[in-house]
Amino acid sequence: MIRFILNLQLNISLFLLLQIMGAGCLYAQRTRDTAWVKPFVKSNNVQLYGGYSGSSFIFQTKTTPREYFRLLANNAGYTGINLNYKYLSLFYDFTLPYTSLADRTTGLRNRNLQLSQFGYRFGIEAGFQRVDGMLFEVRGRRRDPPVTFENIRYRRYDANFYVFTNPEHFSYTAANFYSSLQQQTAGSLLFMVSPQYQQFSFTHANLIGDEQKDSMVYELVKPQPAWVSAIGYVGYSCNIVLEGGHWSISPTLLVGAGGQYPLYDNRFNPKEISLVYSAIGRINGGYNGDHFFGYLSASHDYARDHLPAAHLHLQNSDFSLTVGYRFPSLKHKILGVL
């Protein structure tokens, strides 16, 4: 009976989200008003950026309260450079020395890759996260050094599809990437659908370091679960323009729900759709000029998934500072292409 009610709630939620998405598409059929959003004459730019990012995996079981048991990626500070020329975008970044949680453990890695393309009405992002090795932290004993598990691995592939309802007056790229100038304060409802694939695995015969097979970590993820999910989001993004037009603050908030389907089967978790939910928050603030720009950015996303022996609360956070310089296109094409 409980499963029936959950599946009914899930079907109703997905139906309402699809209806809202359809309404968003209708509202999105508008054109850009240059009195509100102005393109820059110099369309290319080079950026220097740096910040700190981190991921945590919080496990909640019937006997273990939330926030008590968590695995951490090797969170660290980073810096890099990004060149945007016409439709080409090149970037290179690296981890700052002595900023990671486990500097002496070279086998721990946290890799993130994201590609994006946004228009006036629609946008798409594709992302990949790979965590090789994690740190075990128990709440109440954080003064002790965390335990290192080098053989555990986590992977996630995802895509985000956006629809904006007010493209005439609001630019998501101006608010989040400073690629154009929002001249007056404006906001927009936005809708997003996010399909994902996630997996936990072990690199050496289901063993985690020198731990015994009956360890808490092993018991939680020993089925090496893999699962797919699709979440629909509803949210709002706003670009608050301060006096003078070039300074702005841009918050974005999305909340969503959807379904998760396991790609494994056991007596703890049969192959059926379960309800999952998520929330995403972002905020940018800075100066957007004709030649130079710079902004501070903070983001945090949360998702609740299901594993065979526990609920998984996944959190990703990022704080960064970006400074950029705009420049015009060359008079002649590069290699006859750019």
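# A guided tour of the predicted model

Begin by selecting Arg 156 and Asp 158, whose side chains form a salt bridge with the closest N and O atoms 3.4 Å apart. This is a predicted model, and every stop below should be read with that in mind. Colour the pair by accessibility: Arg 156 is buried, at a relative accessible area of 13%, and Asp 158 likewise counts as buried, at 14%.

**Stop 1: the salt-bridge network**

Keep the charged side chains displayed and add Arg 111, Arg 130, Asp 132 and Arg 153, which are joined into one network by salt bridges that share partners. The structure has 4 salt bridges in total by the rule applied here. As general background, side chains of opposite charge can pair when their charged atoms come close.

Centre the view on Asp 132. Its side chain meets that of Arg 111 in a salt bridge, with an N to O distance of 2.7 Å. Asp 132 belongs to strand E7 (residues 122-138) and Arg 111 to strand E6 (residues 109-118), so this contact ties together parts that are 21 residues apart in sequence. The two partners can be set side by side by accessibility: Asp 132 counts as buried at 10%, while Arg 111 is partly exposed, with a relative accessible area of 40%.

Now turn to Arg 153, whose side chain meets that of Asp 132 in a salt bridge of 3.0 Å, N to O. Arg 153 is located in strand E8 (residues 147-164) and Asp 132 in strand E7, so this pair, too, ties together parts 21 residues apart in sequence. Here both members, Asp 132 and Arg 153, are buried.

**Stop 2: the cavity**

Hide the charged side chains and display internal voids. How many cavities of 30 Å³ or more does the structure hold? There is 1, and about 40 Å³ of space lies in the largest cavity.

To display its lining, select Ala 174, Tyr 178, Ser 180, Leu 181, Gln 182, Asn 239, Gly 245, His 246, Ser 248 and Asn 288. Which strand gives the most to this lining? Strand E9 (residues 180-182) does, with 3 residues. Colouring the selection by class shows 3 nonpolar and 7 polar residues, with no charged residues in the lining of the largest cavity.

**Stop 3: a nonpolar surface patch**

Switch to a surface representation and select Leu 48, Ile 81, Tyr 92, Phe 94, Leu 96, Leu 296, Leu 321 and Val 323. These residues form a nonpolar patch on the surface, and their accessible area together is about 740 Å². With the strands overlaid, strand E5 (88-95) and strand E15 (310-327) can be seen to supply at least two residues each. Another member of the patch, Leu 48, has its place in strand E2 (residues 44-60).

**Stop 4: loops on either side of strand E5**

Return to the backbone. Most residues other than glycine have a negative phi. Two residues to inspect in this respect are Lys 86, which has a positive phi of about 55 degrees although it is not a glycine, and Tyr 98, a residue other than glycine whose phi is near 65 degrees.

Select Lys 86 in the loop between strand E4 (76-85) and E5. Its relative accessible area is 43%, and Lys 86 is therefore partly exposed.

Next, move to the loop between E5 and E6, where Tyr 98 is found. Is Tyr 98 buried or exposed? At 75% relative accessibility, Tyr 98 counts as exposed. Pro 97 has its place in this loop between E5 and E6 as well, and it counts as exposed at 58%. Draw a distance from the C-alpha of Pro 97 to that of Tyr 78: the two residues are 19 apart in sequence and 8.8 Å apart in space.

**Stop 5: a buried glutamine**

Finish at Gln 198 in strand E10 (residues 186-202). At 0% relative accessibility, Gln 198 counts as buried, the cut-off for that term being under 20%. A C-alpha to C-alpha distance drawn from Gln 198 to Leu 263 spans 9.9 Å in space, across 65 residues of sequence.

Terms used:
Residues are numbered from 1 along each chain as its sequence is written. This is a predicted model: local features need pLDDT of at least 70, side-chain atom pairs count only at pLDDT 80 or more; totals for chains, interfaces and linings use all residues. Side-chain values use heavy atoms; hydrogens and water are left out. On a 1 Å grid over the protein atoms alone, a cavity is a set of points where a 1.4 Å probe fits but cannot get out, and a pocket is an open set with protein on both sides within 12 Å along at least five of seven lines; lining residues have an atom within 4 Å of a point. Grid points are joined across faces, edges and corners, and a volume is the space filled by probe spheres set on the points. Helices (H or I, at least four residues) and strands (E, at least two) are DSSP runs, numbered from the N terminus. Ala, Val, Leu, Ile, Met, Phe, Trp, Tyr, Cys and Pro count as nonpolar, Asp, Glu, Lys and Arg as charged, and the others, Gly among them, as polar. Patches are made of residues with over 30% relative accessible area and no salt bridge: like charges are joined within 9 Å, nonpolar side chains (Val, Leu, Ile, Met, Phe, Trp, Tyr) within 5 Å. Accessible areas come from the Shrake-Rupley method with a 1.4 Å probe; for residues, only the protein chains shown count as cover. Buried means under 20% relative accessible area, exposed over 50%, partly exposed in between (1.4 Å probe, protein chains only).
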